[in-house]
Every structure is written in C-alpha cells, then in structure tokens.
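Have the chain open in a viewer and keep the sequence beside it. We'll take a walk through the structure, one stop at a time.

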Amino acid sequence: MTDFFSKVIPFFLLTCAWTFRVCGDAAGGAAPWRTLTHVQNAIGVTNYVWDGDSLCFSNGQNLVRFYQGRRRSDVNGTTVWLNALPDGSVSGGNWRLSGIDLDLLQFAVLPQEESALKPVRVILDPGHGGDDEGARSKNPVIKEKDLTLTLAKRIGAQLKKAGLRVDYTRSHDTTVSLDERSRIARSKKADLFISIHANYAANNEADGVETYVLPPSGYPGTAEGSRARGWQIGNRNDYQNTLLGFSVHQKLSAQTRATDRGLKRQSFFVLRETSCPAVLLEFGFLSNPTETRRMLESVWQERCATAVAEGVLAYARKVDALEKTMAAKRIKDEEANARWRQHLAARNAKAPADLAAATNTHRSASAQASAACRPESSGMPVIAPSAMAVFSNTVASAAPVALAGTNSAPLEIDTLVDFYATGKVH
C-alpha cells in the first residue's frame, strides 16, 4: 500500500496542479482568445468588412486587416505577424484572436499619446565582426560585418544629432560574442538595444526589410518550425519591444520603399538575453544582386539611418504613455487575480469537508453491503478522515494561486514532471 501511494499520489498531485492552472487561466480574467466584439472595441470600430479572405476593421484613425488561415496582419499599411493563428471563422460566427495579440495591438501598436522626448540611451549593435563575416554577396562582394558597421555609424550620427546618447557593441572590425553584446547593454544601462544585420536567402530574388522582436513567453517565433519557449529576460519588455519594433519598422519600410516583410518575432540570443527593449533589423538581402547594389549607395544608407532614427524618436515620445497604460493594466489584472485567489481559497477550504463527507458516505454504503462480514476479515486498510484531509490540503496547495502574465515568469509544470520522473518520491 505504501508503494501504491508513492506512485499514485504524485500523479494525482500533478494532475490537479495542471487542472487548476488551466482553469485559472480561463476563470481569472486572462482568457486566451478574444471575440470579434472584443477586437472591435479595442480598435474603436462598430463594424467590420469580411471579403472571404480578409477581415477589415476601419475608422478615421486606424485600418487593421487580418487574414483567414494566416498569421499575417496589416496595421495602417504596415505588416505585423501575429503570435498565434486566429481561430474559428467569420462565416461560422466563431472567429477569434489570441488575447496576447489583441493586447499588443491595442496597447503597443496602435497610435499612442505622445509626450516630451524621453532622453533614452541607445546601444547600436553592428552584427558579426572580426572572425565572423556574416553573410557575403557574390557580385559585388560585400561582407555583412562591414555593411552593418557602416549603417550603425550612420544611425548613431542621426540619433546623436537628435540629442540621444549612443553607444556601440563594436566600433571597429572586432569579434564580439553574443553574450558580450548583451553584457555591454547591461553595463551601459541602455534603454534600447538595436541589432543591425543584412539578410541572405537561397532564393536570390528574395528582397525587403524585416524587423524582429522577442516572442511572448509560450509562443513560437514567426519562422515555420519555431518552437515555443518559456519566459526569458527579454519578456519583461514585451510591450515596449513591440512598440519599438513597430515604430522602427513602419518608418523603415516606408522610407526605403522596400518590400515590407513585416514585424516578426524570433528568439534570437540578443533579443532574449538583453534586459532592455530590443529589436533586430534586417536591412535587405545580400543574396539579391539588385538589392546588394542599392545597399552600397550612400543615399540608401542615409535614408535607412534616418528611418531608424525617426522610429526610435517616435518610441521615445510614446513610451511614457505606454508605461502608464501598462501600470493601469497591471492594477486591473491584479484585482482580477485577487478575485481568483479568493475563489481558490474558498474552494480549497470547502474541499476537505466534501472529501470527508464522501468518505463517510462510501464507508456507510460498504458497511451495509457487507453486513454479514466482519470488516477486519477483508484485509483492507481503513484511511482515517484526518489523513484524507491532510492529503486534500496537500493537493490544494499544489494549485497555482496567481495567474502568470506576459511579463512574469509562468509556473512550469515541467518541473513537477521532472521531479517525479527521477524517482525522488519515497
């Protein structure tokens, strides 16, 4: 019997912990999906247009479009890739958008109130360098490490001209590890981190600009086959990352008149390990001869630098409003979480009494069914109500009592699985 409980109880605890976690997400006010009505209210529209392929929400200020069966969306003419594929269908009346995508759209992507320019410190990170050449074009020959350093210096000059403080992870052709790049940002107490790169593809016709920010905890990157990761340092800035990424990408795709490949998400090292808001920019494809020649032009380089600088300045004027909005949202979320904790406490307090009553009922029925037999002749042990109550309290204590938000480390059930799988329970 001891062996029985050593195997069954851990499994039961694990199951209950997982069940409470799933229920908590839904009942605590952090529902994972938002309906058409939620989206309309967030964008500020009273209707929508569905053409069989795309769903469009429009008013005098914003135009937002989602596509059936795709993670792509368009926000005021700029491509933004979603964290999750929209669920359901418009024609079926059950279309819905993931909660995190609607929150990021509402609070970080759509126009924010602007205030005085915040004097942010920016770290510019020219990709590669030294022993690491990065990508290389064939004709004409350009090394990514050289192009990124040139662009970084031009962007830095524009930002300094606007009155911002600028530092670099490298200012010469030197080798800098990924870990060192993030460490420089921390040591300089940077407010923003901008990693500069050039793209490369097997298809030499691929072209355009794309901007990357870190995926929220539990969501995969945009690239097909990307796996979802748990909470990382960079997830503390999910909303600021998105505001920065959209502000820069919107300017960059418009100023350069390049193909808009979108604001995307990927768990690159410098994005997940940098403690300040961070973006990674891909300015074009060194595998595309036409685009390569354009990237050599001084006019194109200066236009890119201006676009990035304008995007950073837009962020610096909007981030205070965003942070005030997020502070208010955290208070509202905590109130919802407090109500959920009270609900759990009431349910857990009631559980021992219900279990004891169920045990007594079962014992009474068993006694009636075996009236002709003496209980001690059966050889089965009797579990005292007090012991069952202790067990019930143990199960209740395994349930998470607070919901995990986007910017906090969530409870990971994997830790419990690993604990019991290694045979540590005796």
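A residue counts as buried when its relative accessible area is under 20%, and as exposed when that value is over 50%. Take His-128 as a test case: its relative accessible area is 18%, so His-128 is buried. You'll find His-128 in the loop between β8 and α4. The backbone there is a bit of a surprise, too, since His-128 has a positive phi of about 65° although it is not a glycine.

That same loop has something else to show. Pro-140 also lies between β8 (121-126) and α4 (144-161), and the peptide bond joining Asn-139 to Pro-140 is cis, with omega at about 0°.

Now hop over to Arg-257, in the loop between α6 (238-256) and β12 (260-265). Here is another residue other than glycine with a positive phi, this time near 55°. Is Arg-257 buried or exposed? With a relative accessible area of 65%, Arg-257 is exposed.

Before going further, a word on trust. This is a predicted model, and its pLDDT averages 82 along the chain, with 77% of the residues scoring at least 70. Two stretches deserve some caution. Over residues 4-30 the pLDDT stays under 50, and the model gives that stretch 44 contacts beyond four places in sequence. Residues 372-426 also have a pLDDT below 50, with 75 contacts beyond near neighbours in sequence.

Next come some strands. β3 (residues 54-58) pairs with β4 in the antiparallel sense over five bridges, and the two form a hairpin with four residues between them. Within this pairing, Leu-55 has Phe-66 in β4 as its bridge partner. On to β5 (residues 72-75): β4 and β5 run antiparallel and are joined by three bridges. One residue to look for is Arg-65, whose bridge partner in β5 is Asp-74. β4 and β5 make a hairpin as well, with four residues between the strands, and Gly-69 takes a positive phi near 70° in it.

Stay with Phe-66, but look at its side chain this time. How many aromatic pairs does the structure hold? There are five. One of them joins Phe-66 and Trp-95 in a tilted arrangement, 5.6 Å centre to centre with 50° between the planes. This pair links distant parts of the chain: Phe-66 sits in strand β4 (residues 63-67), while Trp-95 is in the loop between β6 (78-81) and β7 (96-98), 29 residues apart. Both Phe-66 and Trp-95 are buried. They have company as well, as Tyr-48, Phe-57, Phe-66 and Trp-95 form one aromatic cluster. Another ring worth a look is Tyr-67, where Arg-70 lies over the face at 5.4 Å from the ring centre.

Further along is helix α3 (residues 99-109). Why call this helix largely enclosed by the rest of the structure? Because ten of its eleven residues are buried. Among them are Gly-99, Ile-100, Leu-104, Phe-107 and Val-109, and even Asp-101 and Asp-103 are on the buried list.

Last stop: the cysteines. Cys-276 has a relative accessible area of 7%, so Cys-276 is buried. Cys-304 is buried too, at 0% relative accessibility. As for disulfides, a search of the whole structure finds zero.

Methods: Residues numbered from 1 in each chain as written. Predicted model: local features only at pLDDT ≥ 70, side-chain atom pairs only at ≥ 80, totals over all residues. Heavy atoms only, no water. Phe/Tyr/Trp six-rings, centres within 6.5 Å; stacked < 30°, edge-to-face > 60°. Buried < 20%, exposed > 50% of the residue type's maximum accessible area, 1.4 Å probe, protein only. Lys NZ or Arg CZ within 6 Å of the ring centre and 35° of its normal. Disulfide = S-S within 2.5 Å. pLDDT = per-residue confidence, 0-100. Contact = heavy atoms within 4.5 Å. Pairing = 2+ DSSP bridges.
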